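Q: Please take a close look at a single part of this structure, the packing of helices where chains meet. A connected account, with the criteria stated, would be appreciated.

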Amino acid sequence: MTSPASIAPRGLAELHAAAAAAGLTVCASASWPETDADGEVPALAGFIESSFSPLLAEVAARALRRRGQPRDSGNVTAIVMVTALGDVTSAVRVAAAVDAGKRVSPLLFFQSVPNAVAGYLAVRWHLTGPVVCVSGIRAGLDVAALLIEDADADEALVVCADLAVTNGDRDRAAAILVTGPANRNGTEPHEL
Amino acid sequence: MADAPAVAQAPAARRGTGEVAVTGAAAASAYGRGTEALVSGMLSGQPAFAPVQRFDVSVRRVRFAATMPGLPDLLTEVTRAAAEACDEAGLSPSDRARTPFYLAIHGDPAIARAPEADQPGHGPGPFTAAVASGCGLAEQDIRCYTSACVAASTAIGDAASIIARGHTDRVVVAGGYLVECDQFALFDAGRVLAGDGQVRPFSAGRRGLLLGDGVGAVVVESLQAARARRAPPLARLAGWGRTGDAYHPVQPHPEGHGMARAITAALQRAGIAAGDLGYINAHGSGTGQSDPAETNALRLALGDAAAGVPVSSTKSLHGQSLEASGVLELVVTLLAARKGMLPVNAGFLGADDRCRLNLVLGEPLPATAEFAMSLNAAFGGANTALVIGLP
């Protein structure tokens, strides 16, 4: 049996570069797909019809499992979601139902904003920091750096995902877990 | 669900040493365009909700919202508000060209019906660039926040933070949501809309929220930079806090732990005590679970002062404007503090023991509020608190 062939990640290099530019240290990272064994994104209970939220959850979980050392139980972790287009699949489904004069599934209401899957991650991994969703990778890492600098978080999980738009493309996602340059843990005198 | 950490475990909030001001503000809502229309509507105490005429709601359970007449265009309205805020701040074309721009929106309303090949052109990034271009702001330094009902307040907190640290002198922050058929259908499907056509925050008998048009913009600026160009501050942006509950994907922590930490961080950064607050513009969605959770957060963070400080949720007047809520409600808070008249918490039917607060009821309250706070919460357990101080 041969090992699954690796697939060049898209987004991960940009995340690493933006983290370096923001002065952040990368503790763990992951992407989707990583190998040709990454076919269907694993389903996520409560999220329907679109792979957007399951994709974010899967790549985030991979990065969190790869953390090099056990997380300090007191650490506050921010969640920063980055997406260029958001959950277009869900948006298109809703628009089609509306245009057809139909009602939409209540589950689509809950997944209509990226905050919902961020909330899922926060509960699943006990990430108690701020939840922020922005449209660009540089913005996402700048927000992460600011939250750490301000002691609103000790570390940040930055997750970047976008669905395939055209035929032949694939859903892509990447995630990194970052800390400040010296991993301050809020022990420095603050500047108030 | 997970147990959120207690407030006492939160790390002490840090901030840069620079003072931050708001030097321009603009808004549009169902009360009309401009801050004068907003003040007039707020102080009328008359909610702006009416049957929706903008699109077909015949298959919806609930048919009310707070909307401007006609079919306003989001790009046009947000661009107008951002430009008006820049005008009030007295920003020259060269000032604007150097000013970063943060926008809070759900997304480009056109994306869901665009041909697949055109969808990338309808992302939040291109939309934000179009607004920046329309009012002459720095197109190379733009950012779009899509974090639901804390999108705009998070953007304002981030702007304040980088200005306090001296990373930039000024950021223009805008947000916009205009009631449209897709979000209306989703909220209707989620059974969170108030079937009686009124939003009744913190009240017995409250039935839920109603959507409302909301557009707002503020110029957030270093106080030192504002003074250097002789621009009078409308208010100081004294404190900010953003936190997560880690309790539930779409419900707030019932004890308000996350919101309490946001309030505590904002007060720490403002360098004030709970008793210094003269007004709180609450998140106050008018839903069954959110209002008691917010009440608990206020009690937890403010202690005895929670019983005395006047509170209202102006969502009972202008409705819930989603990603734009944070900037619209900060402008409401700022205008109320400057006017010395606190808007009512409309729709109140009677006390709910789980929501015991000093609500502004009946008539606007004449009051001096040297410091006032605006609160927002969102799906994902996200919470924000912004504190303004009169200059």
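A: Helix axes are lines fitted to C-alpha atoms over the stretch in contact, and angles between N-to-C directions run from 0 to 180 degrees. The model is predicted: local features need pLDDT of at least 70 and side-chain atom pairs count only at pLDDT 80 or more, whereas totals for chains, interfaces and linings use all residues. Residues are numbered from 1 along each chain as its sequence is written, with chains lettered from A and ligands numbered from 1 in the order in which they are written.

The axes of H3(A) and helix H6 (residues 181-189) of chain B cross at roughly 90 degrees and come within 9 Å. H3(A) and H6(B) are therefore roughly perpendicular to each other (65 to 115 degrees). From H3(A), the residues A:Val94, A:Ala95 and A:Val98 meet B:Cys181, B:Asp182, B:Ala185 and B:Leu186 of H6(B); contact requires C-beta atoms, placed from the backbone, within 7 Å. By class, this contact of H3(A) with H6(B) comprises six nonpolar, no polar and one charged residues.

In the wider interface, 53 residues of chain A are in contact with 60 residues of chain B. On the side of chain A that touches chain B, at least two residues each come from helix H3 (88-99), helix H4 (106-110), helix H5 (115-125), strand S3 (131-134) and helix H6 (137-149) of chain A. Helices (H or I, at least four residues) and strands (E, at least two) are DSSP runs numbered from the N terminus. H5(A) gives the most to that side, with seven residues. The residues of that side of chain A divide into 34 nonpolar, 15 polar and four charged; Ala, Val, Leu, Ile, Met, Phe, Trp, Tyr, Cys and Pro count as nonpolar, Asp, Glu, Lys and Arg as charged, and the others, Gly among them, as polar.

How values were computed. Two residues are in contact if their C-beta atoms, placed from the backbone, lie within 7 Å. Angles under 35 degrees count as roughly parallel, over 145 as roughly antiparallel, 65 to 115 as roughly perpendicular and the rest as oblique.
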